[in-house]
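Look at the structure below and follow how its helices and strands pack. The text starts with a pair of helices, moves to a sheet, and ends with a second pair of helices.

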Amino acid sequence: MSFALMTDSCCNLTDELIDELDVTVLSMTVRNGMTEYTSYIKGEKTDNKKFYTMLRSGDVLVTAALNAEVCRNAFEQVLSNGEDVLYIAFSSALSGTCNVAQMMAEELKEKYPQRRVVVLDSRCASMGEGLFVYYAGLLRKEGKSLNEVVTWLLEHRGNLCHWFTVEDLLFLKRGGRISAATAIVGTALGIKPVLHVDDEGRLINMEKARGRKKSLIALVDHMEQTVTEPEKQVVFIGHGDCEEDAAFVAQEVRRRMPVKDIVINYIDPVIGAHSGPGTVALFFLGTHR
């Protein structure tokens, strides 16, 4: 392989896919009080349920962008071995991680003038970013060059659809996504927002559903309206410690569309700290976001 494929732990790829596609995942961290936790360590199963238990008990988890030194060391290890790097980053509209990676790539240019570090803003989040990395990994396995993979990703970035809903409006209120009044009224009336990630990688509140089941069905409605060639697609579903709801969405997708496969995984604690327990997200390729 002519280049190394890297991303951050917000991609929420399964351990099996990380190994299969030979992806290097740089871990971000969350802090609960004075205790800092690493959200991904290769070869170790992250106890995601533990973090969601913290959130449900009222703990406020503090997140940060990728550590610059961790990023620099990972890049340099590859460059010093004579390989190039493709780093696919968490949306720059939601995190400073992409900027950190770009700065580190720029710093290493002079030391390794014959090598390249391409930092690509996925404009994606969670398993949407993971799906972007998944396609990059498949193309690399096919023997595509770094330039060919980047070209494909840029051409299809606007087709990587994210649709999600949350159970507890408090977390969106904390992050400034909805007002306190909206959170209070919505909670009282059982209103669940249906959101997506737009072309710039920002979270956008698109509509409201009355009740949990309707909000989950709304995700599949949007997929059905825009999905392209579902029979060729592996669909990703992320969840915030609510696997039964994720399974319901998967069942509904399969009932309506002949998808190739579905991968379900936890939403990591860095993103979960902002979306909260009970988040369900659906990711696929469509005509537009």
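The crossing of helix 9 and helix 10 is right-handed, meaning that the near helix is turned clockwise from the far one by less than a right angle. Helices (H or I, at least four residues) and strands (E, at least two) are DSSP runs, numbered from the N terminus. The model is predicted, so local features need pLDDT of at least 70 and side-chain atom pairs count only at pLDDT 80 or more, while totals for chains, interfaces and linings use all residues. Residues are numbered from 1 along each chain as its sequence is written, and side-chain values use heavy atoms, with hydrogens and water left out.

Two packed helices are described by the angle between their axes and the distance between the axes. For helix 9 and helix 10 the angle is about 40 degrees and the axes are 10 Å apart. Axes are lines fitted to C-alpha atoms, for helices over the stretch in contact, and angles run from 0 to 180 degrees between N-to-C directions. The two helices, helix 9 and helix 10, are therefore oblique to each other; angles under 35 degrees count as roughly parallel, over 145 as roughly antiparallel, 65 to 115 as roughly perpendicular and the rest as oblique.

Which residues of helix 9 and helix 10 make the contact? Helix 9 contributes R212, K213, L216, I217, V220, D221, M223 and E224, and helix 10 contributes D245, F248, V249, E252, V253 and R256. Contact means heavy atoms within 4.5 Å.

Next comes the sheet. It is open, with six strands in the order 10-9-8-13-11-12 and mixed pairing. Its edge strands, strand 10 (203-210) and strand 12 (261-266), each pair on one side only. Two strands pair if DSSP finds at least two bridges between them. Strand 11 (residues 234-239) and strand 12 run parallel and are joined by six bridges. Helix 10 (residues 243-256) packs on the sheet, where it touches strand 11, strand 12 and strand 13. Helix 9 (residues 212-226) lies across five strands, including strand 13 (280-285), to which it runs at about 5 degrees.

The second pair is helix 3 (residues 68-79) and helix 4 (residues 97-108), packed at an angle of about 45 degrees with axes 9 Å apart. Helix 3 and helix 4 are therefore oblique to each other, and helix 3 passes helix 4 in a right-handed crossing.
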